[in-house]
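Please look through the structure below slowly, beginning with a single residue and then widening the view to the whole chain.

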Amino acid sequence: MITGVIAVVLLLAVAAYACAGGTDYGAGFWDLTAGGAERGKRPRWLIDHAMAPVWEVNNVWLIFVLVIMWTGFPRFFQQVFTAMWLPLALAAVGIVLRGAGFALRKAARRLAGRRLYGAAFAVSSLLTPFFFGAAVGGVASGRVSQGTEASADAWANPTSVLFGLLAVATTALLGAVFLASDARRFAAPDLEGYFRRRALGALAVVAVLAVITLIVTHGDAPHVWHGLTHGAGLVFVVLAAVATAATAWSLIRRSGTWSRIASVGVVASAVVAWGLAQRPYLIPTSLTVAEGAGAETTLRWLGVVTLVSILLVFPAVALLYWLDTHGELESLTDADLRRGGAGDEG
């Protein structure tokens, strides 16, 4: 019982990181494709302004995933990180370079420095989700089994490549949807239309890639394909399709709140569908959830820690998101500081 609960928590944590972290990666994708310094000035201004309050906190979900993996499912963790060390290492380097680039480009005074740090931020935002997706594709296609050594085949195969491309496309979708809503909040109608059009384009790419991925998994990952087309996995595939239609409708109707909710529904439903499609395996078809789990005592304590995290961390993160979306975390301007100083003197 406890093993199944922890496995569900792990899946939900992956979904949370895909949605929250994916939004940040998507913002970096649009930063990369915004154009030259002059053409991309306003889109990059919005990206910096929208991401600054919460971009660091989204990595909490990644830490949560890693802790559950190595504590609750050590054998699974060992096999994945042994066979997939290269793409996962590249993803980790990308996370570091991305954070450094985002922070340093605002502080750099010279244009060459801003361009260098901006390029590090933008390129890493593209490569990191791709390598994460490629690693997931290697797991889904059953290429990570006991004794599997690191090789390109583990993550450079049809399923992995498509999972990687789908990861990039979904992050681009989330980023564009959230940025379009932020543009409305910052009273920038030109940027709202700019990112809304890109969100619709990204949504179309996600839909096409999802269909292609489903077709490819029929031959390359048959267990996952069967899970996606039957039972609970199929239910969440249908939910993802419904959420896709709802996202398109919301974007066309310019409903910022509903477009955010619907786009998160697309990504979360897709992740849950993949997780349920693998049942009862962590790695199809060589490692079941029960075989990959740690000692029952460890799992019980992990459950306690998870419950404490839910009670303490989740409300704080939810409050942070609420404050950000309601414009309560805006940075002070020089005018604000001058007004504050005048008031203090009085």
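Pro158 is a good place to begin, and this residue belongs to helix α7 of what is a predicted model. Is Pro158 buried or exposed, or does it fall in between? With a relative accessible area of 45%, Pro158 counts as partly exposed, because that label covers values between the 20% limit for buried residues and the 50% limit for exposed ones. Leaving aside residues up to four places away in sequence, Pro158 touches Arg143, Val216 and Asp220. Gly94, by contrast, is 64 residues from Pro158 along the chain, and the C-alpha atoms of the two are separated by 23 Å.

A second residue to find is Glu192, which sits in helix α8, the stretch formed by residues 189-220. Its relative accessible area is 12%, so Glu192 is buried, since buried means a value under 20%. Beyond residues up to four places away in sequence, Glu192 is in contact with Ala180, Ala183, Arg184 and Arg254.

From single residues we can turn to groups of them. In soluble globular proteins, nonpolar side chains tend to be buried together. In this chain the largest nonpolar core has 48 residues, and those with the most contacts inside it are Trp30, Leu46, Ile47, Leu179 and Phe195. At least two residues of this core come from each of several helices, including α1 (2-32), α2 (41-51), α6 (111-140) and α11 (256-277). Which helix gives the largest share of this core? It is α7, which supplies 14 residues. Leu179 touches Ala27, Trp30, Leu46, Ile47, Ala50 and Phe195, when residues up to four places away in sequence are not counted. Apart from this core lies another one, of 30 residues, with Ala135, Val139, Val144 and Leu282 among them.

Finally, consider the chain as a whole, which has 14 helices and two strands. Its C-alpha trace spans about 70 × 40 × 40 Å along the principal axes. A compact globule of 346 residues would have a radius of gyration near 20 Å, and the 21 Å of this chain therefore agrees with that expectation. Of the 346 residues, 46% count as buried. Among contacts with a separation of 6 or more, 79% are between residues 24 or more positions apart. On the outside, the chain exposes about 16700 Å², of which carbon and sulfur atoms supply 69%. The chain also carries 25 positive and 20 negative side chains, and the centres of these two sets lie 7 Å apart.

Note on methods. Residues are numbered from 1 along each chain as its sequence is written. This is a predicted model: local features need pLDDT of at least 70, side-chain atom pairs count only at pLDDT 80 or more; totals for chains, interfaces and linings use all residues. Side-chain values use heavy atoms; hydrogens and water are left out. Helices (H or I, at least four residues) and strands (E, at least two) are DSSP runs, numbered from the N terminus. The radius of gyration is taken over C-alpha atoms; the globule rule is 2.2 Å times the number of residues to the power 0.38. Buried means under 20% relative accessible area, exposed over 50%, partly exposed in between (1.4 Å probe, protein chains only). Contact means heavy atoms within 4.5 Å. Accessible areas come from the Shrake-Rupley method with a 1.4 Å probe; for residues, only the protein chains shown count as cover. Lys and Arg count as positive and Asp and Glu as negative; His and the chain ends are not counted. The place of a charge is taken as NZ of Lys, CZ of Arg, CG of Asp or CD of Glu. A nonpolar core is a set of buried Ala, Val, Leu, Ile, Met, Phe, Trp, Tyr and Cys residues joined through side-chain atoms within 4.5 Å.
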